[in-house]
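User: I'd like a close look at one part of this model, strand by strand if need be. Here it is.

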Amino acid sequence: MVVLSGSSTAQAAQPLIYVVPALPTGAGAIGLYVPGAGGTISREGAIESLRRGKVQNALLGGKPGGDVLIELTSRHHQGPGVYLELPPPGKHSNTKRYLVAVVAPGFRGILTSDSTRINGLVTIPDITQTALALAEHRKPDIRSVPGNLQDLTQLDQRLTHVHRDRGWTAAVVTLTLLFLALLWPRAGVLFGAAAVTVALWLSWTATTRFWEVLLWMGGGSAAIAYLASLRRRTMPVFVLAFFVAFLLVLTISPETHALAVLGARPDGGGRFYGIGNQVETLLLPALIAGVSVGGLSWLAPLGIVALVTVGWSKAGADGGGLIVYAVALAVLALRLRPAPLTWRRVAVAGVGVIGLAGALIAIDAALGGSSHVTDAVGSGPGSLLGDLGHRLHLSWVAATASAYKILLFLVSLAALVWIATRTPRHAAVDAMLVALAVSMVVNDTPVDVIGLGALGCLALWRFESVDSRPMRRGLLTAVCAVAVFALTGCGKTGVVTPTPQTVVGTVQQEAPGKAIFITQGCGACHTYGPAGSAANGTIGPDLDKLPQYAKAANQPLAQFVHDSIVDPNKYVQKGYPKNVMPKSYASLPPADLQALVDFLSKPQG
């Protein structure tokens, strides 16, 4: 450990940072810095980080190795230099920021840098680089903007409130997402985008009252998701509008997202701007659902905007998210096409993902973008593999840090395995599952990824499987059934078998295809008189006009109905878009498929 004194030979040979009990007043510019990365910090870890100009996560020890670039001294000094306060001895929760000052020509007001994009806040690497630059008479990365100590106090209070609210917000978001996934899956798949929207609004309005934040994040987000999901065909429009707006916020006002309760977590010292793994995973179901509903025609516009939002260094700056989103889009491109899935097509898609991600990163770097992603890629394969190895190590330590995290990880994994084994398979669910598998490799917060990912996958599975009016009442039906069974067990006469003694007349048997029509949710999108009140949808064509449609297509009615079920894009009625009806009905058992065709072509009551 370095000795903070004034007589060290090493100090004479290295540029210095001056440790003071109180910063010099009336000169230079002041700011705040986070003394480490992760949940805890120590004075020793902050010193070693400052000496080397890099930070190590507390889960990995909090004390980075490598070459020493500067030394710290507590000797009295006046004049140009970097002055700062250190944390007290021992280990502490990473909930407090400390003051730093740069006294040099041109520095007035408060400090900022491109590493944080938050006025008043700088990083430890910024401080070390500035001490080196001043000693070598170079321009430092840290710069100053107008501001004063009161601005720093307000910033510190905002960071404190965000840190306090973040854990409870995560709990509210998780429970609300689970509720919507089970009861209103169409809103559940859009909930992540709605929650980020509300979080940005609360940050922009500087709303920090605890209960107000939680009510908005739960009720407000659910309301927006519900309203955005009322019309299925407009869901891709909502998703596209969200990503465009989010891209503008990230580029024009990065502080708004950084200081949001679902933001970049600058108070923890890890990520100061852009999109983190939590937000990346929350938004993935909305992107997948938008493409799934809109079809292949929406793949390019939604995909391009989402990839730029997540991966551009001036916006999301999330290299792992760029790869994860590209993989999800590639799976959708494969699964939504009518061509059979082959290993060759999968291999081509994999190469395409790598090429697309590399091209976007190269374009970003060529346009002057800079982030940990462009730096790692630009330094060559060795640096890229080293960064990946570091992430895998950090992921393992994070996932096994406590019994609670191990349990949460295993439960979420079991849920994903269960969903993956359900039939019939759906393109949206497959895209989510593959993307989550990739995310577990390229990102370093596995518990966040798999926990939120399992809920998002559940919402997508429910959305694709039971997004119909009859099935949305499933919970109510189950409750009623339990109540009926409970009531039937309240009597004292045992079980009564209602066997009729005499049957008068005949009872017409209901067509088996009607039950299949209802349970498959066809009535959510179509109107069909023989199905009764269970079929009054307007998203798809009116099925009472099937004979007219078949005649216009010059096809026998039964054949026309069969082909329209197994290949929905073969005959598309005028005024209705392609790729809206799921292609999964082709996997119905042959007997069920024939019963459904009979019901639609020669219905019975």
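Which residues point one way from β2 and which the other way, and are they buried or exposed? Please take me through the strands around it as well.

Analyst: Sure. Bear in mind that this is a predicted model. From β2, Ala29, Gly31 and Tyr33 point one way, while Ile30 and Leu32 point the other, and all are buried. In a regular strand, side chains alternate between the two faces of the sheet. With five of its five residues buried, β2 (residues 29–33) is largely enclosed by the rest of the structure, and that's why I'd start here.

Now the neighbours. β2 runs antiparallel to β7 (residues 98–103), and five bridges join the two. Look at isoleucine 30: its bridge partner in β7 is alanine 101, and isoleucine 30 also stands opposite isoleucine 110 in β8. That second strand, β8 (residues 109–112), runs parallel to β2, with two bridges between them. Then there's β9 (residues 121–122), which also pairs with β2 in the parallel sense, over two bridges. Here tyrosine 33 is the residue to look at, with valine 122 as its bridge partner in β9.

Follow β7 away from β2 and you get to β5, since β5 and β7 pair in the antiparallel sense over four bridges. Leucine 84 of β5 stands opposite valine 100 in β7. β5 (residues 81–84) has its own two-way split: Gly81 and Tyr83 point one way, Val82 and Leu84 the other, and all are buried. On to β1 (residues 16–19), which runs parallel to β5 and is joined to it by two bridges. There, tyrosine 18 stands opposite tyrosine 83.

While we're on rings, a search of the whole structure turns up eleven aromatic pairs. One of them is tryptophan 184 with tyrosine 226: the ring centres are 5.2 Å apart and the planes sit at 55°, so this pair is tilted. The pair links distant parts of the chain, 42 residues apart, with tryptophan 184 in the loop between α4 and α5 and tyrosine 226 in helix α7. Tryptophan 184 has 22% relative accessibility, so it counts as partly exposed; tyrosine 226, at 38%, counts as partly exposed too.

One last thing to check by eye: the charged end of arginine 117 sits over the ring of tyrosine 273, 3.7 Å from its centre.

Conventions: Residues numbered from 1 in each chain as written. Predicted model: local features only at pLDDT ≥ 70, side-chain atom pairs only at ≥ 80, totals over all residues. Heavy atoms only, no water. Buried < 20%, exposed > 50% of the residue type's maximum accessible area, 1.4 Å probe, protein only. Pairing = 2+ DSSP bridges. Phe/Tyr/Trp six-rings, centres within 6.5 Å; stacked < 30°, edge-to-face > 60°. Lys NZ or Arg CZ within 6 Å of the ring centre and 35° of its normal.
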